[in-house]
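Work through the exercises below with the sequence and the model open side by side. Each task is followed by a solution in steps.

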Amino acid sequence: MMKLLLSLVFMLGMMNFKISKVSKSFVCFFLSFYLMFFWICYSSSLWIGGHNLFYIDFNSYVLIILSLWISGCMLMMNLSKFMESLIIILLISLIMCFFSFNLILFYVMFEVGLLPIFFLILYGGYSFERYEAVMYMFMYTVLSSMPFLWLLLYIFLNYKSLMISMLIFLMLNIDNLLFSMCLLGFIVKLPMFIFHIWLPKAHVEAPVYGSMILAGVLLKLGGYGMFRMIKIFFNNMMNWSVLMIMLGMVGSIFLSLVCLIQVDMKMLVAYSSVVHMGLMISGMCTMSKIGLVGGLMMMISHGLCSSGMFYLVNINYERFGSRLIYLNKGSLSIYPTLSLFWFLFCSSNLSAPVSLNLIGEVFLLISLVSWNILLILFLMFFCFFSAAYSLYLFSMSQHGNNSIMLMNYQVVNIFDYLVLILHWLPLNILFLSLNLFNL
């Protein structure tokens, strides 16, 4: 099955300049449904299969489906051949990274995924500040992951193997300073509070398809790496769990307050990504099963919800000519159907029923309270402010009087609604099939 999947993905890359964008989107959606079918068939056990270079387990399987789904939505847009090529290259590098059985191959694919998003922002960005944004992103992510390569050399020289299953079996215990340096590459990629400076800049300067793939899939590489590191370096992670949990919780509360003072809708959605990633890191660092499953649910739900919200912001930007909340006031009286999608995605962003965000967040809260009951004080503030900035975004942009500066309104195409439905529908259907997550 895995060889067939790889051959289909590489076929998609080879046919990049020979098939239409509708056909490319169809192939991505077909592969997603094909993978979902096997997911449903084999969801009764945490199955693992593979060979020397590639292997697949439940976590990588779900993230591959997410990558194909978001990429299919992106390829439906009106893009140039160069941008389509970058998206195909990025999709292949992401799938190869999630398939990697060898840590050195994982590291190479982990870094290769930065190049397409680098060119997506550089050639598709809006303003001159995109040069600063791509340099921030490149320097933060590349320099922070260099110690991980050093760790791989250390492991190979001492244990003569870089196979993930072998290292999980050995359950390595290394120097805490070396482990903290290797962990830096993943928490920057997520990103975590303090190391998040590059993300809002990259989101603001990126085109809509760049923001969709960046929030929807690329940030999940950091979470996927954390899954692997927790299993391989369990003892080392125990020593750092207290610091990681407290930093994630405090950072999420601070950045929730930052969201409440934003005037740019895209910047607000970008900071909300860091807030959710902070909670996800905290729950995963408890190293309980419910925390890890909740982290996986949060990655999937955040990927769909955040990507859809960035697309919504872009629709408003194209119609109103601005991303400022003040100039987008009163959208409800102009685009009532679009306001419905704003309500649906903002409610999912604040983890309201029946979205997958609710279950993922509840699992993470349970894992954190079980780890230490005193964390309930931080979680109360987190839940309140997380709901507050989502309500602030919806109420301030959809209600109120229209700006007198807006004189020309354009219709919203049915194609835009189709892309939004393709984000919202799986986000809420998965709520009804929680048995697929091997609970």
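The exercises deal with aromatic pairs, charges over rings and salt bridges in this predicted model.

**Exercise 1.** Classify the geometry of the aromatic pair formed by Phe82 and Tyr123, and place both residues in the chain.

Solution.
- Step 1: The structure holds 21 aromatic pairs, and Phe82 with Tyr123 is an aromatic pair with 5.5 Å from centre to centre.
- Step 2: The planes of Phe82 and Tyr123 stand at 85 degrees. Planes over 60 degrees apart count as edge-to-face, so the pair of Phe82 and Tyr123 is edge-to-face.
- Step 3: Phe82 belongs to helix H4 (residues 81-99) and Tyr123 to helix H6 (residues 114-124), so the contact ties together parts that lie 41 residues apart in sequence.
- Step 4: Phe82 has 40% relative accessibility and is partly exposed, whereas Tyr123, at 54%, is exposed.

**Exercise 2.** Determine the geometry of the pair Phe384 and Phe385, then decide for each residue whether it is buried or exposed.

Solution.
- Step 1: The ring centres of Phe384 and Phe385 are 5.3 Å apart.
- Step 2: Their planes make an angle of 70 degrees, so this pair is edge-to-face.
- Step 3: The relative accessible area of Phe384 is 55%, and the residue is exposed.
- Step 4: For Phe385 the relative accessible area is 15%; because buried means under 20%, Phe385 is buried.

**Exercise 3.** Find the lysine whose charged end sits over the ring of Phe110, and name the aromatic cluster to which Phe110 belongs.

Solution.
- Step 1: The lysine is Lys189, with its charged end 3.8 Å from the centre of the Phe110 ring.
- Step 2: Phe110 is part of one aromatic cluster together with Phe98, Phe106, Tyr107, Phe148, Phe186 and Tyr224.

**Exercise 4.** Describe the contacts of Lys201 with an aromatic ring and with an acidic side chain.

Solution.
- Step 1: The charged end of Lys201 is placed over the ring of Tyr136, at 5.1 Å from the ring centre.
- Step 2: Lys201 also forms a salt bridge with Glu132, with an N to O distance of 3.6 Å.
- Step 3: Glu132 lies in helix H7 (residues 130-159) and Lys201 in helix H10 (residues 198-205); the salt bridge links distant parts of the chain, 69 residues apart.
- Step 4: Glu132 is partly exposed at 38% relative accessibility, and Lys201 is partly exposed at 31%.

**Exercise 5.** Which residues are linked with Arg319 in a network of salt bridges?

Solution.
- Step 1: The structure holds 4 salt bridges. One of them joins the side chains of Arg319 and Glu318, at 3.0 Å from N to O.
- Step 2: Arg319 also forms a salt bridge with Asp416, where the closest N and O atoms are 3.2 Å apart.
- Step 3: Asp416 is in helix H20 (residues 414-429) and Arg319 in helix H15 (residues 289-320), so this bridge links distant parts of the chain, 97 residues apart.
- Step 4: Arg319 is buried at 7% relative accessible area and Asp416 is buried at 5%, while Glu318 is partly exposed at 45%.
- Step 5: The residues linked with Arg319 in the network are therefore Glu318 and Asp416.

Definitions and conventions. Residues numbered from 1 in each chain as written. Predicted model: local features only at pLDDT ≥ 70, side-chain atom pairs only at ≥ 80, totals over all residues. Heavy atoms only, no water. Phe/Tyr/Trp six-rings, centres within 6.5 Å; stacked < 30°, edge-to-face > 60°. Helix = DSSP H or I, 4+ residues; strand = E, 2+ residues; numbered from the N terminus. Buried < 20%, exposed > 50% of the residue type's maximum accessible area, 1.4 Å probe, protein only. Lys NZ or Arg CZ within 6 Å of the ring centre and 35° of its normal.
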